[in-house]
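Reader: I'm in my first year and still learning to read structures like this one. Could you take me slowly through a single part, the way some of the helices pack against one another?

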Amino acid sequence: MNLAVRDIRHSLGRFVLTTIGVGMLLMVVLGMGGIYRGLVDDALVVTRGVGADIWVVQRDTRGPFAEVSRLPRSVVDRVTAVPGVRDAREFVFHTIQRERGGRPLRMGVLGLGWPTDKGEGLPLIAGRPLAQNHFEMIADESLGLALGERLQLGKDTYTVVGLTRWLVSSGGDGIACFTSRDAQAIQFDEPGESVRLERQARRGRARGIDFGRTQPSVLERASGLSGRIAALPGPAVSAVIARLAPGADAGEVQGIMDGWGDVTTYTADQQEELLLKGSVDRARRQILLFRVLLTIISAVIMALIIYTLTLDKLHPIALLKLIGAPNHTIVGLILQQSLIMGGLAFAVGYVIGLELFPRFPRRVLVTNDDLLRVAGIVLVISVFASLLGIWKAMRVAPNEAIG
Amino acid sequence: MGDAPALEANGLTKVYGSGHTEVVALREASMQVRRGEVAALLGPSGAGKSTFLLCVGLINPPTRGRVTIGGRAVIDGPRALGDLRRFRREHIGFVFQKSNLIPFLNAADNVQIMGELIGRPAAVARRRALELLDALGVGARARNMPTQLSGGEQQRVTVARALANQPSLILADEPTAALDSTRGRQVMELFRDVAHTHGTGVIVVTHDHRALDVFDTVYEMEDGMLRPATRSGVEASAGPAREHRLLP
Ligand SMILES: Nc1ncnc2c1ncn2[C@@H]1O[C@H](COP(=O)(O)OP(=O)(O)O)[C@@H](O)[C@H]1O
Ligand SMILES: [Mg+2]
């Protein structure tokens, strides 16, 4: 006859409620760990996703995720020409906040290097990659946009052709992918009036110099598209990302580019470190600390609950001793009950978490490692708490059952 | 264990506490209970009756003295058997004033566990438990929890548990205190029947003088001293004169 199970069955309601309570506590512990992992993972999802070996950014900046970084597009060609570089493309990334249906819509705008990168590598859950070099976008589902939905950004309207999951910026904002030209158009969008004023100003400046007066075509050009004027720079890119040829040495390649004077380079690992030490560092440490605290508190609460469970049974335990039950029967009763509660509570926490975590606004990433760790903690607490109870039970005199 | 008496207690002395808090609860108490003998133990409150049962029941060993159960010297002065709890579950049955059933086990389980504790297979212990409950007239309540049973029913289940390990000695401390006199007498008669049919020695601490005719022997205890009851002593404490067929 299993005494632990009998006792549980006898006070089933109480046991179930306590177990659910402990389970919810464990769910929060799991969730806090998951929020931590999610934060770290989200911060790295873009850098990992683009698959760069080397990041080339504006000189002395920490790259586009930490601060503003601007490079002329021509750096792409320069980087491509460095021995050891397999290919290079521009990286355009910035965050915008617009309004949609009266609510703020924050999104990370990521430029894909059309035509080499149409977004085939993205974690698509619906739709397709980009098929034309303008006016299409792939949006993360967290942005709340539907397939086929049209969104006006700047002067142009973009159609959502694909949806991704968990593609978010380090701030947790959903990312939308465009061709890099479109991404730049969104970033550097200027109102028509400002464009007209700028053209007029150019015309004015051209009239003021000899060259402008002697060459009428210069005046003509000055009021045309800025992209056609050789003297004006094209829109800047945030960074250039390079992939190395097989066998190439990253240090050597970096050495060449660092000699240029207008760029700074980072390896992929350095970039990840910059991210974790930079923009998400405080949030990460804050959650980590809270998680440690929460784990300790849960451990204490759980231990107390299990210990109290034993205290409530001291009279029957004295009685068992009185009728001659050996110690291992009593130890078994306490230990098994505590393990049953710990195990069930863990399962409850896990199941509730499975149901609840996907509804969180940011990713809650519960890894198998974390699950195992929490399970281990629960096991240790269950055993430890029952040891306390067993210690107490061993000291109960059988004659305490009488009286 | 042959023909050895169920219990031989010789010169039991029990001292609680020490120094100025010292209480001598038993003074050289001796008693012999044969197999099949039912002994009553009378005496005022605080006389040391419970202490005596705890000493011979190996729950709270005496400070001095010798306890022999079924011919086996269990306690001899400072020397005692290594595993008293084991001896207890194999040879002694207990019944106390308040029902002492395990609250989370139903009636049958409360009896069955005793059988399992002495190593019987669950099925065997179960069968025996149900037989005992039937024999004690509470077979129909086998599946009830202790709180669902009346005081008398609880006491019967406790008796069944005390019998489940086929003990050589049953110790009952005021088992009928919570019962009305009819029920109390029934329980006493139960002890007598058990003792006579199973050859078990039984000691019952009681205040109920109306049921004394059930017992084979009657002892009195006063201030830690134990002696066979005299007619006058019993009558004095029992009030109006009564016939006790077993008293000298
Ligand atoms: N655990 C104990 N510690 C100290 N004194 C005790 C203890 N148990 C009983 N006594 C004392 O021993 C004496 C006998 O008690 P007890 O055996 O319970 O008497 P009875 O059962 O006859 O009423 C009383 O004076 C009581 O106060
Ligand atoms: Mg008493």
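Author: Happy to! In this predicted model, H10(A) passes H12(A) in a right-handed crossing. H10(A) covers residues 281-311 of chain A, H12(A) covers residues 327-356, and the two pack at an angle of about 140° with their axes 10 Å apart. That angle makes H10(A) oblique to H12(A). It may look almost antiparallel to you, but that word is kept for angles over 145 degrees.

Now find the residues that touch. On the side of H10(A) they are A:Met302, A:Ile305, A:Ile306, A:Leu309 and A:Thr310, and they meet A:Ile334, A:Gln337, A:Ser338, A:Met341 and A:Gly342 of H12(A). Sorted by class, this contact of H10(A) with H12(A) has six nonpolar residues, four polar ones and no charged ones.

Stay with H10(A) and look for another partner, helix H13, which is made of residues 368-394 of chain A. Here the axes come within 8 Å and cross at roughly 35°. This crossing of H10(A) and H13(A) is right-handed. H10(A) contributes A:Arg291, A:Thr295, A:Ala299, A:Met302, A:Ala303, A:Ile306, A:Tyr307, A:Thr310 and A:Leu311 to the contact. Facing them from H13(A) are A:Asp370, A:Arg373, A:Ile377, A:Val378, A:Ile381, A:Ser382, A:Ala385, A:Ser386, A:Leu388, A:Gly389 and A:Lys392. By class, the contact of H10(A) with H13(A) divides into 11 nonpolar, five polar and four charged residues. If you would like to pick out charged ones on screen, try A:Arg291 in H10(A), or A:Asp370, A:Arg373 and A:Lys392 in H13(A).

Compare the two lists and you will see some names come back. A:Met302, A:Ile306 and A:Thr310 of H10(A) are among the residues that meet H12(A), and A:Met302, A:Ile306 and A:Thr310 also take part in the contact with H13(A).

Next, go back to H12(A) and turn to its contact with helix H2, residues 12-50 of chain A. The axes of H2(A) and H12(A) come within 7 Å and cross at roughly 55°. H2(A) and H12(A) are therefore oblique to each other, and their crossing is right-handed.

Which residues of H2(A) meet H12(A)? They are A:Phe15, A:Thr18, A:Thr19, A:Ile20, A:Val22, A:Gly23, A:Met24, A:Leu26, A:Met27 and A:Leu30. Their partners in H12(A) are A:Ile340, A:Met341, A:Leu344, A:Ala345, A:Phe346, A:Val348, A:Gly349, A:Tyr350, A:Ile352, A:Gly353 and A:Leu356. The contact of H2(A) with H12(A) has 16 nonpolar residues, five polar ones and no charged ones.

One residue of H12(A) is worth a second look here. A:Met341 meets H2(A), and A:Met341 is also one of the H12(A) residues that H10(A) meets.

To put the picture together, start at H10(A), with its right-handed crossings of H12(A) and of H13(A). Then step across to H12(A) and follow its right-handed crossing with H2(A). As you go, keep an eye on the charged residues: the contact of H10(A) with H13(A) has four, whereas there are none where H10(A) meets H12(A) and none where H2(A) meets H12(A).

Definitions and conventions: Residues numbered from 1 in each chain as written. Chains lettered and ligands numbered in written order. Predicted model: local features only at pLDDT ≥ 70, side-chain atom pairs only at ≥ 80, totals over all residues. Heavy atoms only, no water. Axes fitted to C-alpha atoms, helices over the stretch in contact; angles between N-to-C directions. Helix = DSSP H or I, 4+ residues; strand = E, 2+ residues; numbered from the N terminus. Parallel < 35°, antiparallel > 145°, perpendicular 65-115°, else oblique. Left-handed = near helix turned anticlockwise from the far one by under 90°. Contact = heavy atoms within 4.5 Å. Nonpolar A, V, L, I, M, F, W, Y, C, P; charged D, E, K, R; others polar.
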